[in-house]
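Visitor: I would like a close look at a single part of this structure, taken slowly and with the terms explained along the way.

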Amino acid sequence: MTQTETLIGTSVGRIRLADRVTGRAEYTADLKRPGMLYGRVLRSPHAHARIARIDASRALALPGVRAIVTYEDVSDARIDADLAPLDTIVRFVGDEVAAVAADSESIAEDALALIDVDYEVMTPVFEAADALKPDAPQLHPNGNLVGGSALEVERGSVREGLAASDRVFEGRFHTQMHGPVGMETRAALAEWDGDSVTVWKTSRAVHAVDRQTLARVLGIPADNVRVICTAMGGGFGNKDEGRLASLTAMLARKAGRPVRIEYSRVEEFIAGRNRQETDIDLQIGVAADGRPLAIDMEATMNAGAYVASGMGVTRRIGQGALYLYTCENARFKGMTAYTNRPAGGSFRGLGAPLGHFALEVVIDQIAHELGIDPLDYRLAHHVTPAGQPGVRKTPLHELAPDQPVEGGIPFSSNALRECILAGAERIGWRERRQATGSATGEVRRGIGIALGNYKGGGNVNAQAEVRISKDGRARVAIGNVDVGQGSETVLAQIAAETLGSPLAAIEMVMADTETTPPAHVTAGSATTMTSGTAVKQAAEEALRQLKERSAGTGDWVGLTAGLADDAVGTAAITSGSPDAIINSFTAHFAEVEVDTLTGRIRVVRYVAAHDSGRIINPRMAENQVSGGVLQFLGIAMREEMLIDKRSGVTLNPNFLEHKSTSIVDFPPVEVIFCGDADPLGPYGAKALGEPPVVPVFAAISNAFANATGVWLHEVPFTPARVLAALQRGRA
Amino acid sequence: VKPISFEEPASLRSALDLLDDRSRPIAGGSDLLGELKEGIVDYSTLISLAALSDMRRIEPYEGGLRIGALATISDLEFSPQLTGPYQMLAEAARGVATPEIRYQGTVGGNLCQRPRCLHYRSALTPCFKKGGDSCPAVESPYQDYLSIFGGSRCYAVHPSDLAPPLIALDARLVIAGPSGTREVGAESFFTGPDPDPRRETVLEPRELVTSVILPPMPSGWRGVYSKARPRTAGDFAIVSASVGFELKGGRMAGVRIVLGSAAPTPIRRPLAEALLEGQEPSEDLAQQAAVAALAEAQPLSDNGFKIDLARALISRGVMRVASATGA
């Protein structure tokens, strides 16, 4: 078998791209089953209330209404620890109260108005700080502090480090609540066959979350639940399950017919899962020469009514503080508070962009105060391939943590320095950057830098099956969902490269619990590293069998034609290594133009340098980086969910007022990939999905400061905030 | 959206006959349908004006122009007749929403659109404008669409992009009603929240705006329309400024400065106009006029930044007009 061309590092076209851009791809809301009914959800008009009674008799009497579910239809089984399928307490304006299935969506909508609900209104609380006060209204039985205590981790002693510091710098930061705004709204379709159910849905985990949750809630074995995601219209790490699929399946069972529910855009905003409002306090103590001696970060996150992704989002706030700069003493404390706002959840980058915002702005301020070029400061103190100082605490035979606290463990690879140098050269840092605060005039330009590190997909279980048949096809079964990031294509490239087959020989089967082996959540930028490794190993095994059992010779076609039975390779792996931490790295550079009269910031240039190991598909990888940067520039500038402080009503659940940036306001993003193949990743690849969003807020704030002499500490950077900051700068 | 009946009268007369308290005329529908969908208004009948094609013309009239109320925003944008002094109206039209909405929305609809106050636009937050007995917006931090020149119970600003330049051009609105037609100056068309916070204009439920009359202007008069908004495309104004004058012997004459989205109605700024009138344009004077224009501003707790925006738009607007008039 000869191989003329390597597929790794080649920008092959995205699989099924033509289907997606021509409308042939079937998303969940496009699917229809015979006899299917349409569901709608009744939502609470109150931020906090007890449901005393629901009388659905008038709604049931409406012709065309086939089933209604309320809290009376649910068992004790829960979707999450804090979330029942339906409840007698509603915790935000928009919380689910009941669901209706009817012959049409408009009948279902009409029926909602005929459901009589007696609410006993309770006092709501909307701010995290208020919710954590002892006398605050309690949302859940165990109090408003999620988990009952703060999450706190420490390396060395920040108390000692601060005491030994020559100077201590500090800052207080704020980031907003906003919607993730995937183009596709959430949808689910459920169809029963006896006591088994098939659920098609928007998903990021058909195996690891949906199948288990549905089995539990519906009281049937997991084997009786099949979950399929046919295509996703934007995941962004966000499509955590709430109640949608459970309600759909409950309605379908009660009605005895298939039911589909598709969220409206308003529902997607209020009943999807949002990025949580967060406040961060940061202290950094430095020696006389600027060396960091202690980094101490405390964050409070407003989780809203339910916590969809546990404490993982909060934990990531501290990732940069704990590991981006070489420092013996670092601490992160995170508190997550329930409030009567729409529920938060996971979203691209989790807490990392928030924590990096605080960290990279204060680092910039330290360099400025000490009279050191912020580029040089970072070159002097960024974490090196050796990792952090200190003593390893993880036992030697156990996998190294990839969001570590302890020191004493090196990285598998770390090209952060190359990223800094390459990005600085591209933007012209040495030649073009003026001294901070020296610009004059109404409109001022500035250049800023911000760095990032991100967990790279270690410590995750993955499985794959590769089946080669005599017709020359290789079927790759993997249970993950391609949420839009392109994993289907990248995994196919890895399979074809390993098998030595043409790419066209690969048939990808994904995101169906019936036809794929168990898989992890599509999250944490883990898929290429973990599932890629599983696909590679399964393909190696299948290839070994092919070579062993084939009567044929020659190229791929000749070899496979000689097979009597399919050659099947399977793999079950856990990514990671006991010897090294896997992280991706990035250095971003922004050039902005600030109109000091109107407070408008225009990003004129953006350079993103990334170490994600070896790049499997350069064009898709560049799109992934520029897409992530643009998404977070929009969040940096304007996007926000506005909650009425009196009622808890979401005032802007629409594209007009949520202010997602449109394409005319985006700069081109210049993408640079740095670093060599990672020794642990499949073909040397590391994580890429989330790292591009991590440094964006700080890069803008630091460029703004270079232009004006003042840093912005609150996202979004609205004209009101910009003008207020400039005013403070003049004072 | 609740079921609603739909009438398609063939003439203005029959359209007027159909109008009452429970009905609403619909042209482009870009604002009305949104209000109905959000459940913040409740009408039993929509009266389509689609058949009244006479009302879409833009034509010479008494030395100026007459613009039918059904002319679309994009008709203004691309009209070869909006030249010279009238250019500013085309510029304002180009700043409205998005191309899709400009092709759909009409001049009459733009002048009669309802405020963008987030609390008004939410069915779940009662307010004076929706017939309630309090204003949740004035105590909230979300005041981009609220007045910096006071209010009365309601503080919502009028969002029209066309109204401020029409006021600068001394336009008159022709209104047809059961007892004939009347003309109203563009400035006095808007009432603000007094006496009734549920409405914004003098238009009665049984009346229709049929056309806008632009009087003749001195041929050298030029105006510019500038709009501060969060995004380059698609957004309503946070504040807008229409500035215009001609240069007579190097001195400014016929000065007009009108702020939009700054007060419950679009407002002229006579002190600032007087400060410029008869003077030679300069950066310094432009800034003085900007300061004078906002001297009476009384911002709410969270919209003081609109003063800065308005000043910048005015001072830059004066200099833009100066260069357009060849100063």
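How do the axes of helix α11 and α20 of chain A come together, and at what angle do they cross?

Guide: A word on conventions comes before the helices. This is a predicted model, in which local features need pLDDT of at least 70 and side-chain atom pairs count only at pLDDT 80 or more, while totals for chains, interfaces and linings use all residues. Residues are numbered from 1 along each chain as its sequence is written, chains are lettered from A and ligands numbered from 1 in the order in which they are written, and side-chain values use heavy atoms, with hydrogens and water left out.

Helix α11 of chain A covers residues 352-370, and α20 of chain A covers 696-708; helices here are DSSP runs of H or I with at least four residues, strands are runs of E with at least two, and both are numbered from the N terminus. The axes of α11(A) and α20(A) come within 7 Å and cross at roughly 30 degrees, where an axis is a line fitted to C-alpha atoms over the stretch in contact, and angles run from 0 to 180 degrees between N-to-C directions. The two helices are therefore roughly parallel to each other, given that angles under 35 degrees count as roughly parallel, over 145 as roughly antiparallel, 65 to 115 as roughly perpendicular and the rest as oblique. The crossing of α11(A) and α20(A) is right-handed, meaning that the near helix is turned clockwise from the far one by less than a right angle.

On the α11(A) side, the contact (heavy atoms within 4.5 Å) is made by P353(A), L354(A), H356(A), F357(A), E360(A), V361(A) and D364(A), and these meet F697(A), A698(A), S701(A) and N702(A) of α20(A). Sorted by type, the residues of this contact divide into 6 nonpolar, 3 polar and 2 charged; Ala, Val, Leu, Ile, Met, Phe, Trp, Tyr, Cys and Pro count as nonpolar, Asp, Glu, Lys and Arg as charged, and the others, Gly among them, as polar.

Following the chain onward from α20(A), one enters the loop between α20(A) and α21 (719-730) of chain A, which holds P716(A). The peptide bond that leads from V715(A) to P716(A) is cis, its omega being near 0 degrees, and this deserves a second look, since most peptide bonds are trans.
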